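Please look through the structure below before reading on. The paragraphs after it go through pockets, strands and charged side chains in turn.

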Amino acid sequence: MQQRMKQDSTRKATYTVDCEDFVHVVEFNPFDSGGVESLIAYGGNNYVVIASCRFREEDSSVNGIEFKTLKTFHHGARVDAIAWSPETKCDALPPLLRFCTAAGDKTLRVFTSDFHDQNEYKVLQGHSGYINDVVFSSYEGNEIASVSDDHTCRIWDLTGNQIAMFMLRSPGMSVVWHPLEAYKLMVAEKTGIIRIYDLIRRQAILSLESLQVPLMSADWCLQNTFRVGAVAANDWIIWEMPRSSYPQDNRPVHADRAKCFKWSKCNENLFATTGCPGKMNTQLLIHHLGHPHPILIGSAPVSSGLSWHRSLPLCVVGGYRKLFFWVTEM
């Protein structure tokens, strides 16, 4: 019976969208941009595409998925991470598009556009190692945080000035600015330490510790500010702050090592993990804290990136010339 349930949960992607090149990273806009469609960004070896998408799950008149490319930006280097600014507004006059990328040349690029002819970008230099994650401040969007293999977390303003730096003990893998905690920043390090920094006092106020290494990805739950999750070695790991610095729960899930962890934006008990690319496919697992086994198992050829829709139980990963979307039940 248990084996049958696992087989039944293995699914092909609900929707797929063709792309022109390999997709290294993909991100839904987590903020309300004022339009009826959701915005999504994906990046490859030398480009970033901004698109809009709408799904049958939110509008019954849609036949599956409506996907429209809005803007393509030449990038000049491999795209390693993308962060959306909360200032992005489709319904403003003029409309404003702003996002930041981490590039394979160890710089950040802040792009600003009106979705049409007014386009510019600013290069932010300072990191000496590869940048693993980047995020905008989720309240006003006037600051950016980034973490790197150079053992630093740096905070920048939009003009490119570095306004703060935290020294880390190992490569920084993930950085999260929680919308409900404007003056706190979560930074996860490869050696399994996750720290919450107070940005006013410029110091760490709480640390969490993983018993497994290497920690590859961590996320701070949108719907429950006490909950932090991560993947390290083959396991997913959950902490409940401030109960203990050690995990409340952890389970081995990926035989080929885990790569990415993301909480659902609409359910505090729902999260997704991906494995490192294997010989053929990469495994996507969707988990619910109330269930002992993954509630959905997906597979995609050499996938990368992972992001949740801001209001649907729907996540996306990138791959070779494709975006793969999975819808799950809550």
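A pocket here is an open set of grid points, each a place where a 1.4 Å probe fits, with protein on both sides within 12 Å along at least five of seven lines. The volume of a pocket is the space filled by probe spheres set on those points. The structure itself is a predicted model.

With that in mind, start with the second largest pocket. About 260 Å³ of space lies in this pocket. Its lining is made up of 13 residues, and those nearest the centre are Glu143, Trp177, Ala182, Tyr183 and Leu199. Sorted by class, the lining of the second largest pocket holds 8 nonpolar, 2 polar and 3 charged residues.

The largest pocket encloses about 1,200 Å³ of space. It has 50 lining residues, and Glu27, Asn132, Asp133, Cys260 and Lys262 lie nearest its centre. Several strands give two or more residues each to this lining, among them strand 3 (25-28), strand 11 (131-136), strand 19 (215-220), strand 23 (258-263) and strand 24 (270-275). The lining of the largest pocket counts 27 nonpolar, 13 polar and 10 charged residues.

Two of the strands that line the largest pocket, strand 23 and strand 24, also belong to a sheet. What is the order of the strands in this open sheet of 5 strands? The order is 1-26-25-24-23, and the pairing is mixed. Strand 1 (10-11) and strand 23 stand at the edges; each has a single partner strand, so one side of each has no neighbour in the sheet. The partnership of strand 23 with strand 24 is antiparallel and runs over 5 bridges. Within this pair, Lys262 stands opposite Ala272 of strand 24. Lys262 is thus a residue to find twice: it is also one of the residues nearest the centre of the largest pocket.

The same sheet includes strands 25 and 26. Between strand 25 (281-288) and strand 26 (296-301) there is a loop, and His291 is located in it. Is His291 buried, partly exposed or exposed? Its relative accessible area is 40%. Buried means under 20% and exposed means over 50%, with partly exposed in between, so His291 counts as partly exposed. For a sense of distance, take His291 and Asn161: they are 130 residues apart in sequence, and their C-alpha atoms are 46 Å apart in space.

Now turn to strand 20, which covers residues 227-232. How many of its 6 residues are buried? The count is 6 of 6, so strand 20 is largely enclosed by the rest of the structure. Both of its faces are covered. Arg227, Gly229 and Val231 are buried on one side, and Val228, Ala230 and Ala232 are buried on the other.

Strand 20 pairs with strand 19 in the antiparallel sense over 5 bridges. These two strands form a hairpin, with 6 residues between them. Strand 20 is also joined to strand 21 (residues 235-240), again antiparallel, by 6 bridges. This second pair forms a hairpin too, with 2 residues between the strands, and Ala233 there takes a positive phi near 55°. Gly229 shows both pairings: Asp219 stands opposite Gly229, and Ile238 in strand 21 is the bridge partner of Gly229.

The last topic is charged side chains. A search of the whole structure finds 14 salt bridges. Arg54, Glu58 and Asp59 are linked in a network of them. Which residues does Arg54 meet in this network? The side chain of Arg54 meets that of Glu58 at 3.7 Å, N to O, and that of Asp59 at 3.3 Å, N to O. Arg54 has 15% relative accessibility and therefore counts as buried. Glu58 has a relative accessible area of 27% and so is partly exposed. Asp59, with 21%, is partly exposed as well.

Another salt bridge connects the side chains of Asp249 and Arg251, at 3.3 Å, N to O. Here Asp249 is partly exposed, with a relative accessible area of 26%. Arg251 is also partly exposed, with a value of 26%.

Note on methods: Residues numbered from 1 in each chain as written. Predicted model: local features only at pLDDT ≥ 70, side-chain atom pairs only at ≥ 80, totals over all residues. Heavy atoms only, no water. 1 Å grid on protein atoms, 1.4 Å probe; cavity = no way out; pocket = protein on both sides within 12 Å on 5 of 7 lines; lining within 4 Å. Helix = DSSP H or I, 4+ residues; strand = E, 2+ residues; numbered from the N terminus. Nonpolar A, V, L, I, M, F, W, Y, C, P; charged D, E, K, R; others polar. Buried < 20%, exposed > 50% of the residue type's maximum accessible area, 1.4 Å probe, protein only. Pairing = 2+ DSSP bridges. Salt bridge = Lys/Arg side-chain N within 4 Å of Asp/Glu carboxyl O.
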